[in-house]
Amino acid sequence: LIFRQQLARPLLFTTLKKTLMRLYKVSTKSSASLVRTMSDLRELYQQLILDHNKNPRNFRAIESAQRVSEGNNPLCGDRVTLYVNVENDHISDIAFQGSGCAISKASASLMTEALKGKTVEDAKTLFLQFQNMVTDKSAKQTSEDMGKLAVFAGIRDYPTRVKCATLAWHAAHAALLNHQDPITTEGETS
């Protein structure tokens, strides 16, 4: 667990640095200020991931779920079950249960918050945007576009962690498509 937490700490540093440089176009004269700001943001993002890991939102079973999907990441040992209810083409309720590393649980927690209330089409679009953000080094997704989900942008530099971050998303996507087969990251390319 300590090893996993140590991996989570530097995940976003590179991405945050690039984003801050682009957003603020900081000159070399204010590099000390930039370092403090990046350190503060990295700590904030780390705290967000750890908070959602320790206190995951929507961590429960939905007994009368219309759609259920299971996911497994054998590389890390992550397991997730997604429960989804859809009413009038909107996700009326979404929850998950499972176990796994901090990144996997935090991603599932933040995902359920982001998808609740969205239309099925909007949820599918967000799945593709998230997938692109964590796998494509040239992704143009910004913090504004992704909100809190932007904490996972730096994961793309750690291919094994991509599978942790995307497991719940793949399970949710499968549930929205009404696929019954369990999802695995075994064949996933990152």
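This is a short tutorial dialogue on reading the sheet, helices and core of a predicted model.

Q: What kind of model is this, and how are residues numbered?
A: The model is predicted: local features need pLDDT of at least 70, side-chain atom pairs count only at pLDDT 80 or more, and totals for chains, interfaces and linings use all residues. Residues are numbered from 1 along each chain as its sequence is written, and side-chain values use heavy atoms, with hydrogens and water left out.

Q: In what order do the strands form the sheet?
A: Strands of a sheet pair through backbone hydrogen bonds, either parallel or antiparallel. Helices (H or I, at least four residues) and strands (E, at least two) are DSSP runs, numbered from the N terminus. Two strands pair if DSSP finds at least two bridges between them. Here four strands make an open sheet in the order 3-2-1-4, with mixed pairing. Strand 3 and strand 4 are the edge strands, each pairing on one side only.

Q: Do strand 1 and strand 2 pair in the parallel or the antiparallel sense?
A: They are antiparallel, with seven bridges. Glu70 has Thr81 in strand 2 as its bridge partner. Asn72 is bridged to Arg79 in strand 2. The two strands form a hairpin with four residues between them. Gly77, in the turn, has a positive phi of about 90°.

Q: How many bridges join strand 1 to strand 4?
A: Two bridges join them, and these strands run parallel. Strand 4 covers residues 183–184. Its Thr184 stands opposite Asn72.

Q: How many residues of strand 1 are buried?
A: Start with the cut-offs: buried means under 20% relative accessible area, exposed over 50%, partly exposed in between (1.4 Å probe, protein chains only). Strand 1 spans residues 67–73, and five of its seven residues are buried.

Q: Why does Thr81 count as buried?
A: Thr81 counts as buried because its relative accessibility is 18%. Thr81 sits in strand 2, residues 78–87. Contact means heavy atoms within 4.5 Å. Beyond its neighbours within four places in sequence, Thr81 is in contact with Val68, Ser69, Glu70, Ala95, Phe96 and Gln97.

Q: Which loop holds Cys76, and is Cys76 buried or exposed?
A: Cys76 is in the loop between strand 1 and strand 2. It is buried, because its relative accessible area is 17%. Cys76 and Ser104 are 28 residues apart in sequence, yet their C-alpha atoms are 9.4 Å apart in space.

Q: Where do Asn88 and Asp89 lie?
A: Asn88 lies in the loop between strand 2 and strand 3, and so does Asp89. Asn88 has a positive phi near 50°. For Asp89, the positive phi is near 65°. Asn88 is exposed because its relative accessibility is 74%. Asp89 is partly exposed, since its relative accessible area is 43%.

Q: Which strands does helix 4 touch, and which does helix 7 lie across?
A: Axes are lines fitted to C-alpha atoms, for helices over the stretch in contact, and angles run from 0 to 180 degrees between N-to-C directions. Helix 4 packs on the sheet and touches strand 2 and strand 3. Its direction makes about 170° with that of strand 3. Helix 7 lies across strand 1, strand 2, strand 3 and strand 4, at about 35° to strand 2.

Q: At what angle do helix 4 and helix 7 cross?
A: Their axes cross at roughly 35° and come within 8 Å. Helix 4 is residues 102–115, and helix 7 is residues 159–176. Residues that meet there include Ser107, Met111 and Leu115 from helix 4, and Cys164, Ala168 and Trp169 from helix 7.

Q: Which residues have the most contacts inside the largest nonpolar core?
A: In soluble globular proteins, nonpolar side chains tend to be buried together. A nonpolar core is a set of buried Ala, Val, Leu, Ile, Met, Phe, Trp, Tyr and Cys residues joined through side-chain atoms within 4.5 Å. The largest one here has 42 residues. Leu82, Met111, Leu115, Phe130, Phe152 and Trp169 have the most contacts inside it. Helix 7 gives the most to this core, with ten residues. Outside its near sequence neighbours, up to four places away, Leu82 touches residues including Ile94, Phe96, Met111 and Ala168.

Q: Is Val134 buried or exposed?
A: Val134 is buried, because its relative accessible area is 0%. It is found in helix 5. Leaving aside neighbours within four places in sequence, its contacts are Phe152, Ile155, Arg156, Val162 and Thr166.
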